[in-house]
Amino acid sequence: MKMRIKSIPIAQVEHGMKAARVLRNPSGQILIQEGVELTESLLHSLERRNITRVYVQVEELRSDEELAAERASMEARLKVLFRNVAHGSTLELLYQTILEHRLRKLT
């Protein structure tokens, strides 16, 4: 079973989900360690601190072939949008940054 990390609203956290990343408050104190099961009381505590989202591990439901097709489609769309960008330009850097961001979101 493949897993991926996803940021979801606290209201969508399901019973048994675990934190995929350490969660800190603005002053850097650890609120939740990676791997901790997100209980109802823990979620209420986060809501009281105005924390609205948490990173969790979710099962990857897409096959490797579906992910590859989605990546190819996303890259093709970006290439069309950035088709007139000169090599070495600031816009090429923007293209690379957007591409990397979107690829990270797929995995």
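**A walk through the structure, starting at one loop**

Asn 50 is found in the loop that links α1 and β4. This is a predicted model, and Asn 50 makes a handy place to step into it. The backbone there has a positive phi of about 65°, although Asn 50 is not a glycine. For context, most residues other than glycine have a negative phi. Asn 50 is also exposed, because its relative accessible area is 66% and the cut-off for exposed is over 50%.

Let's step back and look at the whole chain. The protein contains three helices and four strands, and read from the N terminus the order is β-β-β-α-β-α-α. What radius of gyration does the protein have, and what would a compact globule of 107 residues have? The protein has 18 Å, whereas the compact globule would be near 13 Å. Along the principal axes, the C-alpha atoms fill a box of roughly 50 × 35 × 20 Å. Of the 107 residues, 24% count as buried. The accessible surface comes to about 7,900 Å², and carbon and sulfur atoms account for 52% of that area. As for charge, there are 17 positive and 14 negative side chains, with the centres of the two sets 6 Å apart.

Now for the inside. In soluble globular proteins, nonpolar side chains tend to be buried together. Here the largest nonpolar core has 14 residues, and those with the most contacts inside it are Val 13, Met 17, Ile 32, Leu 38, Leu 43, Leu 46 and Val 56. Two elements, α1 (40-48) and β4 (53-59), give two or more residues each to this core. Which of the elements gives the most? That is β4, with three residues. Another core, of six residues, lies apart from this one, and among its members are Met 74, Leu 78, Phe 82 and Leu 106.

Val 56 is worth a closer look. Leaving aside residues up to four places away in sequence, Val 56 touches Arg 4, Ile 5, Lys 6, Ile 8, Met 17, Lys 18, Ala 20 and Leu 38. The wider contact pattern can be put in one number: among contacts between residues at least 6 apart in sequence, 55% join residues at least 24 apart.

One of the residues touched by Val 56, Ile 5, also leads us to the other end of the chain. The C-alpha atoms of Ile 5 and Lys 105 are separated by 8.7 Å, with their positions 100 residues apart along the chain. Lys 105 lies in helix α3, which covers residues 90-106. Is Lys 105 buried or exposed? Lys 105 is exposed, since its relative accessible area is 56%.

Leu 61 offers a contrasting distance. The C-alpha atoms of Leu 61 and Ile 32 are separated by 26 Å, and the two residues are 29 apart along the chain. Leu 61 sits in the loop between β4 and α2 (64-81). With a relative accessible area of 72%, Leu 61 is therefore exposed.

We can finish in strand β3, which spans residues 30-32 and holds Ile 30. Ile 30 has a relative accessible area of 40%, so Ile 30 is partly exposed. Beyond residues up to four places away in sequence, Ile 30 touches Val 22, Leu 23 and Arg 24.

Key. Residues are numbered from 1 along each chain as its sequence is written. This is a predicted model: local features need pLDDT of at least 70, side-chain atom pairs count only at pLDDT 80 or more; totals for chains, interfaces and linings use all residues. Side-chain values use heavy atoms; hydrogens and water are left out. Buried means under 20% relative accessible area, exposed over 50%, partly exposed in between (1.4 Å probe, protein chains only). Contact means heavy atoms within 4.5 Å. The radius of gyration is taken over C-alpha atoms; the globule rule is 2.2 Å times the number of residues to the power 0.38. Accessible areas come from the Shrake-Rupley method with a 1.4 Å probe; for residues, only the protein chains shown count as cover. Lys and Arg count as positive and Asp and Glu as negative; His and the chain ends are not counted. The place of a charge is taken as NZ of Lys, CZ of Arg, CG of Asp or CD of Glu. A nonpolar core is a set of buried Ala, Val, Leu, Ile, Met, Phe, Trp, Tyr and Cys residues joined through side-chain atoms within 4.5 Å.
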